[in-house]
Structures are given as structure tokens and as C-alpha cells.
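Q: Please take a close look at one position in this structure and describe its setting with care. Then extend the account, in one connected answer, to other parts of the fold.

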Amino acid sequence: MDLKIKDKVAIVTGGGGGIGKAIAMRLADEGATVVVADLNAEAARNAIDEIKANGGDGLAVSCDATKPEDADAMVQKTISAYGVIDILVNNVGGGTGIAVIVQSQVDQWDKTVEMNLRSVYLSCRAVAKAMISRKQGRIINISSIAGKSGEPLLGPYCASKFGVIGFTQVLARELARYNITVNAVCPGYVYTPGWEKLAQALKDTQPALADKSLQEIFEARVKAVTPLRRPQPPEDIADMVAYLASERARNITGQAINVDGGAVMG
Ligand SMILES: NC(=O)c1ccc[n+]([C@@H]2O[C@H](COP(=O)([O-])OP(=O)(O)OC[C@H]3O[C@@H](n4cnc5c(N)ncnc54)[C@H](O)[C@@H]3O)[C@@H](O)[C@H]2O)c1
């Protein structure tokens with residue numbers, strides 16, 4: 001299926017590693033020019049080197065997606081290099097530790113919401129302005145199945161990922177008149193550096209997991225909650241993102257689509 005995103009210009013936040021990198025590589029494979037914006041400048045450069053080695057094109061941008069000035073600079077650098085922005089993938093996110101709400105810390109709450117929700121707001125605000133004038137665009141926000149179903153120990157993460165879905169709906173309605181679609185993708189269980197951090201936190205705090213490897217903790221969780229009984233490789237998330245970024249998905253907006261082996265239905 002030709003997704004018709006050849007020569008489109010895409011920004012992927014957090015595209016230096018994990019799911020974001022798979023998304024950047026997938027869009028580049030479809031012929032898009034990809035701007036990888038990441039806090040880890042070296043990881044962003046490596047991703048772009050890989051894209052170029054595969055015959056693609058792109059730009060590495062060092063960026064803290066939680067800072068308004070960085071989001072604006074990311075847009076300016078992209079426009080200076082390529083003139084337009086067709087696709088924005090807001091992939092930055094993650095947890096900052098685990099705790100039940102009554103024992104949680106306010107600064108941990110703030111950091112988590114900042115990373116997952118403020119980052120999406122800032123990038124969308126900066127990029128949408130550039131899309132509106134052209135009356136076209138695709139915005140894809142990476143939420144989570146934790147944005148559809150509450151999970152103990154992950155209060156601020158769940159709250160911010162639910163927030164990403166609500167924000168996606170608002171923006172989809174606001175931008176529809178400009179032919180810009182806005183959707184969310186909700187991954188299930190993807191073994192990445194981000195998930196490894198969660199597995200380590202579980203291992204450190206739950207005596208029953210003390211002798212398990214991080215991979216074992218991940219796999220046990222997948223088997224316990226996923227009807228298809230398998231994890232999702234990052235490429236499966238990237239496939240859905242590429243589809244939503246494509247011309248083929250022109251009638252899909254305001255949706256939050258799970259790629260999770262059936263872990264959450266609805
Ligand atoms: N891994 C999973 O199972 C899973 C499940 C559901 C949702 N998600 C979501 O998918 C997204 C990617 O997750 P992942 O597991 O690949 O994460 P990861 O931690 O493995 O990778 C995150 C990337 O984002 C970059 N980054 C972090 N903070 C940043 C910031 N402030 N500004 C710019 N770049 C920043 C990191 O340098 C890294 O390259 C997140 O939004 C996460 O919440 C992941």
C-alpha cells in the first residue's frame with residue numbers, strides 16, 4: 001500500500017530512541033524527510049545518520065520538548081531547512097517513578113505531567129500555526145493504554161496520558177476546518193529503555209520481583225494482561241503512526257487507537 005508520504009516533512013519528538021526511533025525510521029523508509037528532535041543530541045544524530053545511510057534525508061535537533069522556547073526553535077529550524085511541516089509525531093513521554101497516590105510526591109507529579117502532557121501541548125501549539133496557513137497537516141500524539149484504563153502506582157502517568165487523549169480531541173475539533181487531522185496512538189507493552197526503567201522500579205520496590213530479570217518482569221506482565229500474549233515491537237507502533245500520517249487516513253481524526261494485543265478494548 002503506497003502511503004503517499006514521500007517527500008513530506010515530519011518531526012518526531014523523542015525520535016532518538018525506543019518507539020520514537022522506530023517511527024522516525026519508518027517514516028523515512030516511506031520517503032519522508034524526518035526531523036528527529038531529542039533531548040539526547042547524540043541519539044538524535046545517530047538516528048539521522050542511520051536514516052541517511054539508508055538513503056533517506058533528515059535533520060537532528062537538540063530539544064527539550066517540555067520547554068516552550070525549544071519547541072519554537074524546533075519549528076524554526078525545520079522551516080529554515082525544509083520550508084514546511086507536514087507531519088508532527090509527539091512521542092516524548094514516560095514515567096518518573098512509581099508510587100501509590102497517597103505516598104506520591106508533588107514534584108514527581110509535576111515532572112510526569114510536564115513530560116507527557118505539557119510537551120504535547122507545546123509542540124502542537126508551535127507546529128499547528130505552520131500547518132494552518134497551508135491548510136494541511138497530520139498530528140499524531142503517542143498516548144498509552146494507561147491513557148484509557150487506570151493503573152495502580154502510575155497515577156501521574158495515567159492522568160497525563162488520559163490528558164493527551166482529551167487534548168487530541170480538542171485539537172482535532174479546532175483544526176478540522178484547516179484540513180489537519182489529530183489522532184493519538186496508544187501502545188501496549190513495548191520493550192524499550194523507558195520500559196526497562198519501569199521494570200527496574202518494580203524490581204526495587206516489590207520483593208516478589210527481586211530475583212527476576214527486567215525482561216522477565218516485562219514478559220510476565222505482557223502474558224498476564226494481553227489476550228494475544230505477545231509484546232508489541234516498536235515497529236508495530238510505527239506502522240500505525242505511518243498510516244495515520246498518510247493520505248489514506250484523511251477521514252480519521254480525534255481518535256485514540258490501541259496497538260496493544262487486545263490488552264485494553266475500547
Ligand atoms: N514502551 C512502552 O511500552 C510504552 C507503552 C505505552 C506508551 N508508551 C509511550 O511511548 C512513548 C515512547 O516511549 P519509549 O518507551 O520509547 O520511551 P524511551 O524512554 O525508551 O525513549 C524516549 C525518547 O525520548 C527522549 N526524550 C525524553 N525526554 C525528552 C524531552 N523532554 N525532550 C525531548 N526528548 C526527550 C529520550 O532521549 C529518548 O530518545 C512515550 O510517550 C511513552 O509514554 C510507551
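A: N179 counts as partly exposed because 14 C-beta neighbours lie inside 10 Å, whereas burial would require 20 or more. The model is a predicted one. N179 is found in the loop between α5 (155-175) and β6. Its backbone deserves attention: N179 has a positive phi of about 60 degrees although it is not a glycine. As a rule, most residues other than glycine have a negative phi.

K4 also has a positive phi, of about 55 degrees, and is likewise not a glycine. K4 lies in the segment before β1. With 13 other C-beta atoms within 10 Å, K4 is partly exposed. D2 is also placed in the segment before β1, but D2 is exposed, since 10 other C-beta atoms lie within 10 Å of its own. The C-alpha atoms of D2 and Y243 are 9.9 Å apart in space, although 241 residues separate the two in sequence.

The strand that follows this segment contains I11, which is found in β1. I11 counts as buried because it has 31 C-beta neighbours inside 10 Å. Apart from neighbours within four places in sequence, I11 is in contact with V35, A37, M74, T78, I85, L88, V89 and V127. For one of these partners, A37, the C-alpha separation from I11 is 7.1 Å, at 26 residues apart in sequence.

β1 (9-13) is also among the elements that cover the buried residues of α8, together with α1, β4 (87-90), β5 (137-142), β6 (180-187) and β7 (256-259). The residues of α8 that are buried are P234, I237, A238, M240, V241, A242, L244 and A245. The length of helix α8 (residues 234-245) agrees with expectation: its twelve residues should span 16 Å at 1.5 Å a residue, and its end C-alpha atoms are 17 Å apart.

V92 is found in the loop between β4 and α4. V92 is buried, because 25 other C-beta atoms lie within 10 Å. Not counting residues up to four places away in sequence, V92 touches T13, G14, A65, M115 and S119. Between V92 and S119, which are 27 residues apart along the chain, the C-alpha distance is 7.1 Å.

G14, a contact of V92, is also one of the residues closest to the ligand, the others being G17, G18, G93 and G194. In total, 30 residues surround the ligand. Helices α1 (18-29), α4 (106-132) and α6 each supply at least two residues of this shell. Its composition is 13 nonpolar, 15 polar and two charged residues.

Helix α6, a contributor to the ligand shell, also packs against α7. The axes of α6 (residues 193-205) and α7 (residues 214-225) are 9 Å apart and meet at an angle of about 95 degrees. The two helices are therefore roughly perpendicular to each other, as the range of 65 to 115 degrees for that description requires. W195, E196, A199, Q200, L202 and K203 of α6 make the contact with L214, I217 and F218 of α7. Six of the contact residues are nonpolar, one is polar and two are charged.

Technical notes. Residues numbered from 1 in each chain as written. Predicted model: local features only at pLDDT ≥ 70, side-chain atom pairs only at ≥ 80, totals over all residues. Axes fitted to C-alpha atoms, helices over the stretch in contact; angles between N-to-C directions. Helix = DSSP H or I, 4+ residues; strand = E, 2+ residues; numbered from the N terminus. Parallel < 35°, antiparallel > 145°, perpendicular 65-115°, else oblique. Contact = placed C-beta atoms within 7 Å. Nonpolar A, V, L, I, M, F, W, Y, C, P; charged D, E, K, R; others polar. Near = placed C-beta within 6 Å. Expected span 1.5 Å × (residues − 1). Buried ≥ 20, exposed ≤ 12 C-beta atoms within 10 Å, placed from the backbone.
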